[in-house]
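Colleague: I would like a close look at one part of this model, namely the helix that comes earliest in the chain and the stretch that follows it. Please set that part in the context of the whole chain before you go into detail.

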Amino acid sequence: STTRLFKWSVQHQYWSPDCVENVVITINGQFPGPTIRARAGDTIVVELTNQLETEGVVIHWHGIRQFGTPWADGTASISQCAINPGETFIYRFKVPKAGTYFYHGHYGMQRSAGLYGSLIVDVAKGEKEPFQYDGEFNLLLSDWWHKASEEQEVALSSKPFRWIGEPQTLLINGRGQYNCSLAAKFNKSSDVPTCQFSGNEQCAPQTLHVQPNKTYRLRLASTTALASLNFAIGNHKIKVVEADGNYVQPFVVDEMDIYSGESYSILFKTDQDPSQNYWISLSVRGRLPKTPEARTILNYSPSSPSNLPNSPPPVAPIWNDYNHSKTFSNKILSQIGSPKPPPSFDRRIILLNTQNHIDGYIKWSINNVSLLLPTTPYLGSIKFGLKGAFDHKKPPQTYPIDYNVMMPAPNTNATYGNGIYMLDFNSTVDVILQNANALAVNVSEIHPWHLHGHDFWVLAYGDGKFTKEDEKKFNLKNPPLRNTAVIFPYGWTALRFVANNPGVWAFHCHIEPHLHMGMGVVFAEGVHLIGKVPNDAFSCGLTGKILNHKG
Ligand code: C2O
Ligand code: CU
């Protein structure tokens, strides 16, 4: 294994992700940020300099467990202080497991501002993947607004509430088309022209060049702020082989859903007519689609990459066909030989997801508490034994038994909180994510929940209110290991994990506006077991005061 050193500088820059000029956050002048490629067992060192003029920054390495380095998890107010403008912070962590990962900003709504990139871990030298392929592509999926992320934050925290609306564009590797369409001639009621590109434009689609009769691996990761996606390659089947850095029992589908925070590897065979090109297409699920589908081209050699496909683009499933989505999610099972979950749990935490009012503001809350992060990062205040940095009262671990998840709450009021769930080290924890009706009647949304510092087993998805009876539905034989799992509208999802990673870990909805509106909780375990942490991770708030005293 090797140590790989990266020097990054983060700044604001003009960019045209969807052919419309806006401001994005770049890393070393690139959007998306540079791809980190490493081998399992390597150590990654990122020297990050914040060149944003007036905002702090942190970077989260999504899917990397940070075993022994919880201070490098890159969550502002949880694992470290935000890095001030002009300052440099050094992230140092191991990437123990091969897989498809990504990184992104985890302070304010900087992920919405384009602060993200790919992190790909190959198997260690001498090791083999459990499948074969001739070539590989990597597609990082995101969504894009023309309204700056700072204004989005203001809108979401205003009274009366202002919704940011649906994204203007879906991006594939940071590229999308707002005022033209590659498939204009197939669009029924299209008012946008066919795109013309020389190829040098920042918004020109990235064509995938393939040879006939080969197998390709495609890595997909979604860092969308809002959109749940459906991905398809016209005329081609796809075989799913990896999810969130874990191998799955391979299965074949025509198209697949991908939620924010998830990553996959799929294989496809170039077994179609090589004189044609084919569509790669991305559409919105779970919300009335007001965002055009994103497209790029699968180009068979020797046909010209500038030939648009003759066949129409793949038709996406109806946006609210949740049964279709559930069928896909239920197909994901762990590969034979993967670690099995412990047969029982030590503690069960039920988390009710609701939309609420606090002083006339609209918030999301979990068991009626809307997360408002403290000034001093938890990891520092717990490790240094500080009192008063956050609320030491235990947050509720369930919700009232008579609560009707199918209806808006009779009392929509919630409270702010920053208390955390202290987990016994090495205990087995079950989390039941319980969805409910939002503020409006007949509205319940998809929420992809992401856990830091762990992978969890997804034991089951269910409809309605979770009851003791539902335990019978748990898959303890081959549940998939993931770090992100969705709850479907009016449904529940059961997860199990072992609290074996000393640190303080965020667990939240990966929809950026939802997290901003309080949709998250924090877990802590074994903090007393953590060795040395770099002081400059905690030079703010109460920990900052102590460190400054020590000089
Ligand atoms: Cu990818 Cu806490 O997020
Ligand atoms: Cu959400």
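**From the whole chain to helix H1**

Modeller: In this predicted model, the chain is built from five helices and 32 strands. Its radius of gyration is 23 Å, close to the 24 Å that the globule rule gives for 551 residues, so the chain is as compact as a globular protein of that length. Taken along the principal axes, the box filled by the C-alpha atoms is roughly 70 × 55 × 55 Å, and 51% of the 551 residues count as buried. Among contacts between residues at least 6 apart in sequence, 78% join residues that are at least 24 apart.

The UniProt record, in an unreviewed entry, places the feature "domain: Plastocyanin-like" at residues 10–122, 137–302 and 411–526. Over residues 10–122 the chain is 0% helix and 45% strand, with 26 Å between the end C-alpha atoms, while residues 411–526 are 4% helix and 46% strand, with their end C-alpha atoms 37 Å apart.

Helix H1, the part you ask about, covers residues 149–156, and within this helix Ser149, Gln152 and Leu156 are buried. Seen down the axis of H1, these buried residues fall within an arc of 50°, so they line one face of the helix. The spacing fits a general rule: an α-helix has 3.6 residues a turn, so residues three or four places apart point the same way. As for what this face meets, the buried residues of H1 pack against helix H4, which spans residues 512–516.

Following the chain onward, one comes to a cis peptide bond that joins lysine 159 and proline 160, with omega at about -5°. Proline 160 is placed in the loop between H1 and strand S10, the latter covering residues 169–172. A cis bond also links serine 301 to proline 302, with omega near 10°, and proline 302 lies in the loop between strand S19 (294–300) and helix H2 (322–331). In general, most peptide bonds are trans, and most residues other than glycine have a negative phi.

The second half of that general statement bears on the next loop. Asparagine 173, although it is not a glycine, has a positive phi of about 50°, and its place is in the loop between S10 and strand S11 (208–210). With 19 C-beta neighbours inside 10 Å, asparagine 173 counts as partly exposed, since the cut-off for a buried residue is 20 or more. Asparagine 28 likewise has a positive phi of about 50° without being a glycine; this residue lies in the loop between strand S2 (22–27) and strand S3 (36–39), and it is exposed, with 12 other C-beta atoms within 10 Å.

Strand S11, where the loop holding asparagine 173 ends, belongs to an open sheet of five strands in the order S11-S19-S18-S13-S16, with mixed pairing. S11 and strand S16 (255–258) are the edge strands, each pairing on one side only, and the twist averages 20° from one strand to the next. S11 and S19 run parallel and are joined by three bridges, and valine 210 has tyrosine 300 in S19 as its bridge partner.

Methods:
Residues are numbered from 1 along each chain as its sequence is written. Chains are lettered from A and ligands numbered from 1 in the order in which they are written. This is a predicted model: local features need pLDDT of at least 70, side-chain atom pairs count only at pLDDT 80 or more; totals for chains, interfaces and linings use all residues. Helices (H or I, at least four residues) and strands (E, at least two) are DSSP runs, numbered from the N terminus. The arc is that of the directions from the helix axis to the C-beta atoms. Two residues are in contact if their C-beta atoms, placed from the backbone, lie within 7 Å. The radius of gyration is taken over C-alpha atoms; the globule rule is 2.2 Å times the number of residues to the power 0.38. UniProt positions are given in the numbering used here, feature names are shortened, and annotations may be inferred rather than shown by experiment. Two strands pair if DSSP finds at least two bridges between them. Axes are lines fitted to C-alpha atoms, for helices over the stretch in contact, and angles run from 0 to 180 degrees between N-to-C directions.
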